[in-house]
Structure formats: structure tokens, C-alpha cells
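Visitor: Please walk me through this structure. I'd like to hear how each label is earned.

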Amino acid sequence: MQKHIVTLEQVAKVAGVSMKTVSRVVNNSPQVAEKTRDRVQQVIDDLNYQPNRLASSLASGRTNTVGVLVHHAVQQIFAYPFFSELLGGISKGLNENRYDILLRFMDGNMSYTELFEHRRVDGLIVTNAPIDKPEEMQGLLDIPSVFTSRIALRNNRSNVVDSDFYGAAWTVLDHLFDLGHRHIALMTGPEHLALSHLRGRAYADAHRARGLPVNDALVRANALFANPHTIRHDLETHWLQLAPRPTAFIASDDITAINLLNQLAGMGYNVPHDFSVVGFDNTMLSDLANPPLTSAAQQSFHKGYTAALTLLDVIAHEPTEPVQIDLDMELVVRQSTGRAPSS
């Protein structure tokens, strides 16, 4: 049986309003009284009216689609729970506002602004933006865009929704200091990400605040999701060759931290008796680690949801001042951290 299609005209007739009023309700226009909006929305729900998205887009000049630019390989994105949660939050924010998502995995040959310039999207959410490509990033400041990581640009007017990595790193260090650790290794993450530099700055500041010396040999950049082979090599050729050697490790992410736990166990060490280990992100993997992993929690779903709503607000209102939102990170303490071993 052919499904009956409800028209905007029919909704207007049943609700006793003009078609323009129905259109305004559908498009969330503020130019409708609340009582009228509620009545029209009730009719829309009762009749199961589905707006013609294509016609609406043509009329408004908008696509009702947001582009999400991702700076990681597909395998990493769908293997690491943080990104699934982030994208889930973005999708929820967009779906609630009748927007679609267009996902693009970036490589060195792609333009950051192409999707917008070709009118395929109304705006862009940029995840893990590199700080070593200022020329390419600069063009994003002239179009509706929101970054989920900080960037360093000339006359920076970027809209940013990001986690407070500086504050989180300081909290992690305080936790380890309170456990008696004084030789703490920091695996910052890639040099091209702002979060790595924020962690490094917090490391130095937290040490100085306690009157402790900063040993640069204990701070190293690393790839996100460092693999077991790389971690084993770094332990054998660097970390465990230091004198004094570290008693605690702060890893750049949960996968790196869990691989570190496994390699230390394979070398005959006990965590947390011999070494303490802390991760970042507090994904579902943290509870599954052996021992369960202490980790600094990002509000990954909330981060994505907030980024989506922020971008839609930028698209609708074009704010004159950049939006800067810092999301708190909470340290979740589990069994991978303990008292520093006695010397």
C-alpha cells in the first residue's frame, strides 16, 4: 500500500495557522509565539509530518549537513573508544537539530575548506587539528568551524571546544607526587598536537610549584596508540637506562598505557609495586586493563555534543567573538598507581 505523504499545507490547515508559521516552527525560528509553536508541533507529531529537506535546503541556501574532519586513520578511529564516543556526541547534537554528518578522514593532499567551498556542508568540526600546518588551518577561520583541539594561528579567532589537558596533567602529577613519586616519566603524545605541549608545560609548572627539579630526559613525545614493540624498545633503550630511572609513567592515551602495562609485566615487573602507570581519556578499556588503569577522563561524548551545538550556533548567529569552551577532566584512580617504591 502506498504511504500517504503529509504536506506542509495540511499541517497548516489542521493547526489553523499559515504555511509560513509551520515553516518557521520546522526551522526552529524564534519568530513564533510559544503557545503557537506547541500547537503546531503537536499537529506535526500527530500527522507524522516529514519536512522536505531538499526543498528547505534549496530555499535557505543551506545543506543541513556538517562536515567532520578527522586527523587519524580509519582503523584508529573505530578501534579506540574515545573517537566513537566523540562522534556519537556530535551525531546526537546534529540529529536533534535535523542536521546530517559528513565524515572525512584527512591526508596530506586534502583541502580543509573544500567541503564548505563546494557547498556540501554548512560548517566544519575539526578534530585533533595539527599545530604544524598554520597555512592550511588559517582558511578555516573565515568559515563556520569549531575545533575540538587548540590550534596556534595568527590573529586566532578559532572556536574551540576542548578538554583541559593542562589542568588534567597537573592533577595527575599531584596524585603521583602525593604517592611519593619524584621521578615521573611523561609520554606527551605527538609534537604536532597542542595537547602534547600543554601536558609538557603542566609537567614543568607542577614540578616547580613543589620546588622539584625538572629532568628533561623524563619527558618524551610519542605517537598516539604506541604499539607494544615501540614501547618495549623505549623501555629497554631509554626509560630503564636512566639514573635514577622513573618510578611512574604518564602515558599519552589509554592504549599506550595498557601496552606499557603489558610490556612491564612481560619483563617481570609488578604494577604498581615497581612502577605506577597513568593513562589519558578513561575509555572503557581502562577498567579492562590488568591491573585496572588510573586514567584522566575526557568527557568524550559531551565534548562531541557540545562541539556540534556550538557549531550550529555559529552557523545561525555568526558570533563576533570566538567561542572558547574548556571541559574539565577528572582523574579516575584505579589499581595501576600506588606508593613509590622505596629506594
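**How the labels are earned**

Guide: Let's begin with one pair of residues: Ile250 has Val278 in β9 as its bridge partner. Keep in mind that this is a predicted model.

Visitor: What makes β8 and β9 a pair of strands?

Guide: The rule asks for at least two bridges between two strands. Strand β8 (residues 248-250) and strand β9 (residues 276-281) are joined by 3 bridges, so they pair. They run parallel, too.

Visitor: Which sheet do they belong to, and in what order do its strands come?

Guide: They sit in an open sheet of 6 strands, with the order β7-β6-β8-β9-β10-β12 and mixed pairing.

Visitor: Why are β7 and β12 called edge strands?

Guide: Look at their neighbours. Both β7 (219-220) and β12 (330-332) pair on one side only, and that gives them the name.

Visitor: What about β5 and β11: how many bridges join them?

Guide: There are 4 bridges between β5 and strand β11 (residues 324-327), and these two run parallel. The rule wants at least two, so this is a pair as well. One match to look for is Ser163, which stands opposite Leu327 in β11.

Visitor: What makes you say that both faces of β5 are covered?

Guide: Start with a general idea: in a regular strand, side chains alternate between the two faces of the sheet. Now take strand β5 (residues 160-163): Val160 and Asp162 are on one side, Val161 and Ser163 on the other, and all of them are buried.

Visitor: Ser252 next. How do you know whether it is buried or exposed?

Guide: Its relative accessible area is 1%. Buried means under 20%, so Ser252 counts as buried. Ser252 is in the loop between β8 and α12 (254-266). Leaving out residues up to four places away in sequence, it touches Met187, Thr188, Gly189, Arg199, Asn222, Ala223, Leu224 and Phe280.

Visitor: How much of the protein chain counts as buried?

Guide: Of its 343 residues, 49% do.

Visitor: On to the empty space. What makes something a cavity and not a pocket?

Guide: In a cavity a 1.4 Å probe fits but cannot get out, whereas a pocket is open. Searching the whole structure for cavities of 30 Å³ or more turns up 1. The largest cavity has a volume of about 170 Å³. Two elements give two or more residues to its lining: α6 (81-95) and α10 (194-209). That lining has 20 residues, with Phe82, Asn128, Phe165, Leu195 and Gln298 nearest the centre.

Visitor: Which element gives the most to that lining?

Guide: That's α6, with 3 residues.

Visitor: How do you know whether the span of α6 agrees with what it should be?

Guide: Do the check: at 1.5 Å a residue, its 15 residues should span 21 Å. The end C-alpha atoms are 21 Å apart, so the two values agree. Several residues of α6 are buried, among them Phe82, Phe83 and Leu86.

Visitor: And the second largest pocket: which residues lie nearest its centre?

Guide: Those are Asp142, Ile143, Pro144, Val314 and Glu318, out of 23 lining residues. The volume of this pocket is about 420 Å³. Both β4 (145-147) and α14 (300-317) supply at least two residues of its lining. Sorted by class, the lining has 11 nonpolar, 5 polar and 7 charged residues.

Conventions
Residues numbered from 1 in each chain as written. Predicted model: local features only at pLDDT ≥ 70, side-chain atom pairs only at ≥ 80, totals over all residues. Heavy atoms only, no water. 1 Å grid on protein atoms, 1.4 Å probe; cavity = no way out; pocket = protein on both sides within 12 Å on 5 of 7 lines; lining within 4 Å. Points joined across faces, edges and corners; volume = space filled by probe spheres on them. Nonpolar A, V, L, I, M, F, W, Y, C, P; charged D, E, K, R; others polar. Expected span 1.5 Å × (residues − 1). Buried < 20%, exposed > 50% of the residue type's maximum accessible area, 1.4 Å probe, protein only. Contact = heavy atoms within 4.5 Å.
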